[in-house]
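Here are a few friendly notes to read alongside the model. I have kept them short and in numbered points.

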Amino acid sequence: MFVNMRPAVFGCLALLFSQLSFAASDLPFAEQELENPDTFVTITVENDLFAGRDGGYTNGIGYSWGRGPYQTLDETNSPKWLQSMAHAFGIHDDPQHFNAATYSIFQGIQTPSDITNPNFEPDDLPYAGILGWRGTIHSWTKTRADQFNLVLGMVGPASLAEQSQKVVHKITGSDEPMGWDYQLHNEPVFALQARRSWRHEIKNGDGHGVDFIGILEASGGNYTSYVAGTYMIRWGLNLERSHAAISVLPGRGINPLAGTNSEEYYVFFGVQPRYVFNDIFVDGNTFRDSPSVTIKNERLIYSTGFVWNWKDWGLLFSIAETTSTFEERKGNARFGSLSISYRL
């Protein structure tokens with residue numbers, strides 16, 4: 001499906017985002033409303049059972065927190081070293097921008113398609129888990145948003161993925177996973193990730209509207225390295241307040257304006273071509289022999305869902321589908337994501 005696709009995909013992406021970058025005009029900070037900074041927390045659950053499947057990327061859970069918006073990065077009280085890393089990726093204090101810092105602790109679990117098989121499966125994804133921390137610097141206007149992520153974590157038995165999955169499956173009465181003896185070895189992992197998005201909106205006069213968002217992003221590290229572009233369409237109310245953390249996988253980031261006094265909601269559909277250079281969940285351990293399969297570099301991700309923010313609460317639900325991540329198996333993978341945010 002993806003043979004000779006790469007030049008066409010990235011040629012189209014370059015054209016798309018060059019047009020968006022000229023179309024998006026930033027408004028001075030003084031002309032926008034800067035609300036009192038809020039502290040908020042978000043709990044996210046991702047599971048393939050939301051989409052009626054089990055196996056592959058099977059489960060993820062995360063707890064996120066943050067405070068914003070602020071007029072400067074210093075006001076976010078984020079670590080200076082994290083701000084310096086964000087500066088190196090083009091994010092700087094700008095009086096035209098809102099700013100926020102958010103943090104997450106998360107766990108992700110991957111299994112082969114048949115978790116009842118106690119034997120090693122050489123042609124399927126390995127058992128793998130990650131226990132990680134993500135620090136994010138956000139900087140945005142009504143028409144553009146920048147984001148820098150630092151991901152630090154541990155893959156292998158230290159991720160406690162085996163124990164987590166077995167406890168959940170026991171509680172829910174699901175099949176017991178039998179192949180965790182063949183999971184990846186312990187390995188510290190990291191990724192540096194940067195993203196820029198451009199937004200164009202068409203309003204109808206009552207606060208509702210449609211907007212179009214283009215995103216370019218890249219990641220580098222032994223956890224995963226990739227380049228990607230996303231095109232998304234949304235319909236809803238007060239869209240300009242909720243685009244700073246928009247993503248084709250929205251459960252993996254949190255909105256630095258979640259839980260506001262006004263009501264906001266939207267539905268969305270996004271598509272993302274992605275070229276993946278390395279993925280430890282597919283390639284296996286970096287410096288040791290471990291279970292692995294052959295990575296499929298070209299991927300395509302689709303997602304759809306809805307978001308609703310009202311007073312102190314925020315709700316997100318989405319379904320994402322991705323083409324196969326490895327050569328030994330055809331067919332798409334699908335999982336759902338549910339996030340609940342609360343303003344303290």
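Before the points, a word on naming: helices (H or I, at least four residues) and strands (E, at least two) are DSSP runs, numbered from the N terminus. Please keep in mind that this is a predicted model.

1. Helix α2 is a nice place to begin. This helix spans residues 80-88, and L82, Q83 and A86 in it are buried. Viewed down the axis of α2, the buried residues lie within an arc of 100°, so they line one face of the helix. K80 and A88, on the other side of α2, are exposed.

2. What do the buried residues of α2 pack against? Their partners are β3 (98-111), β4 and β5. Just after α2 comes G90, with a positive phi of about 95°.

3. Next, the interior. Eleven residues make up the largest nonpolar core: F106, A128, I130, V151, V155, L184, V189, A191, Y223, I280 and F281. At least two residues of this core come from each of β4 (128-140), β5 (144-155), β6 (187-203) and α4 (280-283).

4. I280 deserves a closer look. Setting aside neighbours within four places in sequence, I280 is in contact with V155, L184, E187, V189, N222, Y223, N285 and T286.

5. Finally, the surface. W313, L338, I340, Y342 and L344 form a nonpolar patch there, together having about 490 Å² of accessible area. Strand β12 (residues 333-343) gives the largest share of the patch, three residues. W313 sits in strand β11 (residues 313-322), and its 47% relative accessibility means that W313 counts as partly exposed.

Notes. Residues are numbered from 1 along each chain as its sequence is written. This is a predicted model: local features need pLDDT of at least 70, side-chain atom pairs count only at pLDDT 80 or more; totals for chains, interfaces and linings use all residues. Side-chain values use heavy atoms; hydrogens and water are left out. Patches are made of residues with over 30% relative accessible area and no salt bridge: like charges are joined within 9 Å, nonpolar side chains (Val, Leu, Ile, Met, Phe, Trp, Tyr) within 5 Å. Accessible areas come from the Shrake-Rupley method with a 1.4 Å probe; for residues, only the protein chains shown count as cover. A salt bridge is a side-chain nitrogen of Lys or Arg within 4 Å of a carboxyl oxygen of Asp or Glu. Buried means under 20% relative accessible area, exposed over 50%, partly exposed in between (1.4 Å probe, protein chains only). A nonpolar core is a set of buried Ala, Val, Leu, Ile, Met, Phe, Trp, Tyr and Cys residues joined through side-chain atoms within 4.5 Å. Contact means heavy atoms within 4.5 Å. The arc is that of the directions from the helix axis to the C-beta atoms.
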